[in-house]
Every structure is written in structure tokens, then in C-alpha cells.
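Here is a friendly walk through one protein model. Take a look at it first, and then we'll go through its parts piece by piece.

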Amino acid sequence: MTRGRFITFEGGEGSGKSTQIRRLAKQLEDLGHSVVTTREPGGTPYAEKVRGMLLTGAIKDQGPDAEAILVSSARVDHIKSVIKPALDAGQWVLCDRFADSTLAYQGLLDGGDIAFIADLNETILSQCPPDLTIMIDLPVNDALERLSKRSKGASSDDRYDAQDASKHETLRKAYLAIAVDNPERVTVVDGSADENAVAEAIWAVVTGRFETDQKVKTNRGRRNGR
């Protein structure tokens, strides 16, 4: 059986990753693909517990390197229990955040040991590297506006949503730096456009990258009138 495709989505808070993952999953399913959508930290019972500790800041006092280790342990469980079995079964896996987020948040944003976190990522990713990473870039003012709308009438324990503008800008620059360092894997998509335009841009990236997949290639031909 042919191995499935593994696509990760990255970007700052409010960039629209979850929405675009749902849309891409629907497009792929319409072509007959089996799709698994998941997230990090998360995807397994253990990893979801780690997610709660991370977002609430319960382990913040231990420092960013300790956070990176804990998130990485959740990633190992996630890969073993969800991602790799799905790929081995020929499914497409779409993941909301992955190893790039550990480097961006615990490393470049929170001041962790960059070399240590990069080595940690490399060791884990050797087991299951993404085929493609879609990085949705959004100006900070737009991101803050979206977060403000999202938080109306609802309480949130997410410490990252509550960051000031300078922190969000640091995070944005961190992601863009990661994209520059990994041009073969990472494609940056402008997240400031409307939802449909962003979805179309992502679909163009996916069909361009996986044009050898006959189902995707055929669908692209239909869209182009061939």
C-alpha cells in the first residue's frame, strides 16, 4: 500500500489554520481520499493532557527547555499512536501545528536553547517527517483583531492568545525565519486574504506539490478546464 501524505499547518495565533485544515480535508475527501485531521499538542489522551498544561502555563516555571521536552514526548506518542499508522494505511494526515511550533514558541519566542530544541526536533522528525508544511502568515494587527472577536463572550485559558502585540510579532518573525530555513518543505501562504482566497492558495500549493498523485492531478485538470 502506498504511504499517505503528511501535511502540517503552522502560523501564529488567529491565522486560520483550523478553518483551512477543515476545508482542505473536505476537498481531499471529495476526491476519494481518506483524511485524518489532528493537532499538536494533542491527538492522543496523553498529548491532550500535555496541551492543557502548556496552554494554561502550569509548567511555565520549569522553563522553555522543559516544556519542549514535554511537548516532544507528546509528539512521540502522537506519531506512534495516530500519525504513522494513518500514513502506513495510505491516509492523508493534516496536523494543526507540529515540530516547527516547538522551535517557534519554546525556542525563538520563550528563549529556550535553540540548538537543543532543533536537535530534539530532528531526532523525532526522523521517524515521521512532514511532506509539506503550509505556513499561514498574518500581520499582527489582523491577528489581534481576530483573537478579539473570537474571545467575545467566551473565557480562554490560552496564555498565547493573551500575549501582547510585541510577542505576537516576535512569533510571526520566528515562523517566517523557519520558512526561510526550510524552503523545500515550507510554503508561506498570505492569511490576510479572505477565507476562500486562502483556501484556493492552499489548494494550489497542495496540487502543485503532489501532482504525481493521480486523483489530485486529475482534479486540478478539471479545475483548469482540461
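What follows is a short tour of the sheet, two of the helices and some aromatic rings in this predicted model.

## The sheet

Let's start with the strands. Five of them make up an open sheet, in the order β2-β3-β1-β4-β5, and the pairing is parallel. At the edges sit β2 and β5 (186–190), each of which pairs on one side only. Going from one strand to the next, the twist averages 20 degrees.

Now for how the strands are joined. β2 and β3 run parallel and are linked by five bridges; here Thr-37 has Leu-94 in β3 as its bridge partner. β1 and β3 also run parallel, with four bridges between them, and Ile-7 stands opposite Leu-94. So if you are looking for a handy landmark, try Leu-94: Thr-37 is a bridge partner, and Ile-7 stands opposite Leu-94 as well. Over at β4 (residues 132–137), five bridges make the link to β5, again in parallel. Asp-137 is matched there with Asp-190 in β5.

## Inside β3

Is β3 mostly covered or mostly open? Mostly covered: five of its five residues are buried. You can see this on both faces. Trp-92, Leu-94 and Asp-96 are buried on one side, while Val-93 and Cys-95 are buried on the other. That back-and-forth fits a general pattern: in a regular strand, side chains alternate between the two faces of the sheet.

## Helix α7

Helix α7 (residues 165–181) packs on the sheet and touches β1 (6–10), β4 and β5. Its direction makes about 145 degrees with that of β4. The helix has 17 residues and reaches 25 Å from its first C-alpha to its last, close to the 24 Å expected at 1.5 Å a residue.

Which residues of α7 are buried? They are His-168, Leu-171, Ala-174, Tyr-175, Ile-178 and Ala-179. These cover an arc of only 140 degrees around the axis, which puts them on the same side of α7. The other side carries the exposed residues Lys-173, Val-180 and Asp-181. It helps to remember that an α-helix has 3.6 residues a turn, so residues three or four places apart point the same way.

## Helix α2

Helix α2 (residues 45–56) has 12 residues. From first C-alpha to last it reaches 17 Å, close to the 16 Å expected at 1.5 Å a residue. Its buried residues are Ala-47, Val-50, Arg-51, Leu-54 and Leu-55. Why do they line one face of the helix? Seen down the axis of α2, they fall within an arc of 125 degrees, so one face is what they line.

What do those buried residues pack against? Their neighbours are β2 (35–39), α3 (64–88) and α4 (99–109). Pro-45 and Lys-49 are exposed on the face turned away from the buried side. Just past the end of α2 comes Gly-57, with a positive phi of about 80 degrees.

## Aromatic pairs

How many aromatic pairs does the structure hold? Three. One of them is Phe-6 with Phe-98, an edge-to-face pair at 5.1 Å centre to centre with 85 degrees between the planes. Phe-6 lies in strand β1 and Phe-98 in the loop between β3 (92–96) and α4, so the pair ties together parts that are 92 residues apart in sequence. Both rings belong to buried residues: Phe-6 has 0% relative accessibility, and Phe-98 has 2%.

Next, Tyr-105 and Tyr-175 have ring centres 6.3 Å apart and planes at 75 degrees, so this pair is edge-to-face too. Tyr-105 is in helix α4 and Tyr-175 in helix α7, so parts 70 residues apart in sequence are tied together here. Tyr-105 is buried at a relative accessible area of 5%, and Tyr-175 is buried at 2%.

## A look at Lys-80

One last stop is Lys-80, which sits in helix α3. Is Lys-80 buried or exposed? Lys-80 is exposed, with a relative accessible area of 66%. Lys-80 and Cys-128 are 48 residues apart in sequence, and their C-alpha atoms are 9.3 Å apart in space.

Key
Residues numbered from 1 in each chain as written. Heavy atoms only, no water. Helix = DSSP H or I, 4+ residues; strand = E, 2+ residues; numbered from the N terminus. Expected span 1.5 Å × (residues − 1). Buried < 20%, exposed > 50% of the residue type's maximum accessible area, 1.4 Å probe, protein only. Arc of directions from axis to C-beta. Contact = heavy atoms within 4.5 Å. Pairing = 2+ DSSP bridges. Axes fitted to C-alpha atoms, helices over the stretch in contact; angles between N-to-C directions. Phe/Tyr/Trp six-rings, centres within 6.5 Å; stacked < 30°, edge-to-face > 60°.
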